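Subject: Structure for you to look through

Dear colleague,

Here is the structure I promised to pass on to you, together with my notes on it. Please open it beside this email and follow along at your own pace.

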Amino acid sequence: MEAIILVGGFGTRLRPLTLATPKALLPLANVPMLERLVRSLPERVTKVALAVHHQADAIAAHFAAVDCERMVITVPEPEPLGTGGAMRNCRDHISGTTLVFNGDIISSLNVEAMLEQHRATGALGTLALWEVADPSRYGVAELDGNAIIGFQEKPAPGEEKSNLINAGTYLLEPQVLEMIPAGHKVSVEREIFTQLASAGLHGFPFGGYWIDAGTPESYLAANAMLLEREATAAHPGASVRGNALIAADAEITSSIVGPDTVIGTGVSLDKCVVRRSVLLAGASATGAVIEDCILGPGVAVGDDCSRMVLTAEGELRF
Ligand code: GDD
Ligand code: MG
């Protein structure tokens, strides 16, 4: 089976981090989120087409340098074609029933079980669905049994027909890609899924975990969630509190790290307290208390900053 992963978005909600690094290459628990997704695919997925636009070269260079044990190609768009247009643009590179992912999702979805349902129902498309309290930031599916009878993309609060959201993973038959006009900007959610509701689209609700890591808050939450599943690292210079992951080459002296904290490669910390934060490669601080923050690659925090907090608006406050 072959897969398309959509990674051409600008990652606007994660600026300024995404000005220098594409969202797909931002690490989650020290592994770039897209590499994590590619490695987690079932063995039957032998080829992956990455639909790229923004910072396409950085994504291509990354996958040229790592071995993900399957063929990975990049398919660029001269202009962003939207989620549907990007999928259509990959058509000549893939065949058969296709697995499609939004590139900013981590989840416990069992793709094999979803494929089993897809085959059993004979659906044109099957969408993984996840239940949330407030669906207004997402695509919303209305179900009758497993059949999707209505689809709304980002409905106004109160307008949503259910609490089951589009989890950003699809199994699609080739006919669905054929429905998308080539070379046009098309939103698969707004223009294709709405059309296919009641006409062959099915839903696959699942449990476990699911996070779209596309905002500062959800990026921190995705890191924290992975820390619950992956080993907490000890480090000679750090007193670790709760869940934390510290890159082996980080230089840490006299510091307290954790809970829910990821320290990236080449980070240096002296006399710091770091809580509920992610420090990306090469960030450094001395004498600082860092809470609820994402420090970008190479960011140096001024000496003795008593407290830094990432506000809901995405700004650092001292
Ligand atoms: N190649 C390409 N070209 N990729 C794109 C483009 C484009 O023009 N536009 C967006 N993408 C990629 C993004 O990089 C991301 O991986 C994915 O498509 C989804 O775009 P987002 O911008 O993250 O969308 P969203 O989070 O607001 O909404 C989508 O995901 C939700 C689940 O997280 C929709 O699919 C919703 O229906 C869904 O609920
Ligand atoms: Mg998203």
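In this predicted model, helix α2 passes helix α3 in a right-handed crossing. To find the two, look at residues 33-40 for α2 and at residues 56-65 for α3, whose axes come within 11 Å and cross at roughly 50 degrees. Angles from 35 to 65 degrees fall between roughly parallel and roughly perpendicular, and α2 and α3 are therefore oblique to each other. The contact between them is made on the α2 side by L34, E35 and V38, and on the α3 side by I59, H62 and F63.

The next thing to find is the magnesium ion, which is ligand 2 and is coordinated through OD atoms by D104 and D212, at 2.1 to 2.4 Å. D104 belongs to the loop between β6 (98-102) and β7 (105-107), while D212 belongs to strand β13 (residues 210-212), so this pair ties together parts that are 108 residues apart in sequence. Both D104 and D212 are buried.

Now turn to the strands, beginning with β12, which covers residues 201-205. Is this strand enclosed by the rest of the structure or not, and how many of its residues are buried? Four of its five residues are buried, so β12 is largely enclosed by the rest of the structure. Its pairing with strand β8 (residues 125-131) is in the parallel sense and runs over five bridges; if you would like one position to check by eye, L129 has P205 in β12 as its bridge partner.

Further along the chain there is an open sheet of four strands, which you can trace in the order β15-β18-β21-β24, and the pairing in it is parallel. Its edge strands are β15 (244-246) and β24 (294-295), each of which pairs on one side only. Within this sheet, strand β18 (residues 261-263) and strand β21 (residues 278-279) pair over two bridges, and V262 has V278 in β21 as its bridge partner.

Some details of the backbone also deserve a careful look, starting with the cis peptide bonds. One of them joins R15 and P16, with omega about 5 degrees, and P16 sits in the loop between β1 (2-6) and α1 (17-20). Another joins G258 and P259, with omega about 10 degrees, and here P259 is in the loop between β17 (255-257) and β18, a strand you have already met in the open sheet.

Finally, please look at A29 and S254, each of which has a positive phi. For A29, which is not a glycine, phi is about 45 degrees, and this residue is placed in the loop between β2 (27-28) and β3 (31-32). Phi of S254, also a residue other than glycine, is near 45 degrees, and S254 lies in the loop between β16 (251-253) and β17. Which of the opposite words, buried or exposed, applies to A29, and which to S254? A29 has a relative accessible area of 4%, and because buried means under 20%, A29 counts as buried. S254, by contrast, has 58% relative accessibility, and since exposed means over 50%, S254 counts as exposed.

With best wishes,
A colleague

Notes:
Residues numbered from 1 in each chain as written. Chains lettered and ligands numbered in written order. Predicted model: local features only at pLDDT ≥ 70, side-chain atom pairs only at ≥ 80, totals over all residues. Heavy atoms only, no water. Buried < 20%, exposed > 50% of the residue type's maximum accessible area, 1.4 Å probe, protein only. Pairing = 2+ DSSP bridges. Donors = N, O, S within 2.8 Å, 3.2 Å for Na, K, Ca; no water. Axes fitted to C-alpha atoms, helices over the stretch in contact; angles between N-to-C directions. Parallel < 35°, antiparallel > 145°, perpendicular 65-115°, else oblique. Left-handed = near helix turned anticlockwise from the far one by under 90°. Contact = heavy atoms within 4.5 Å.
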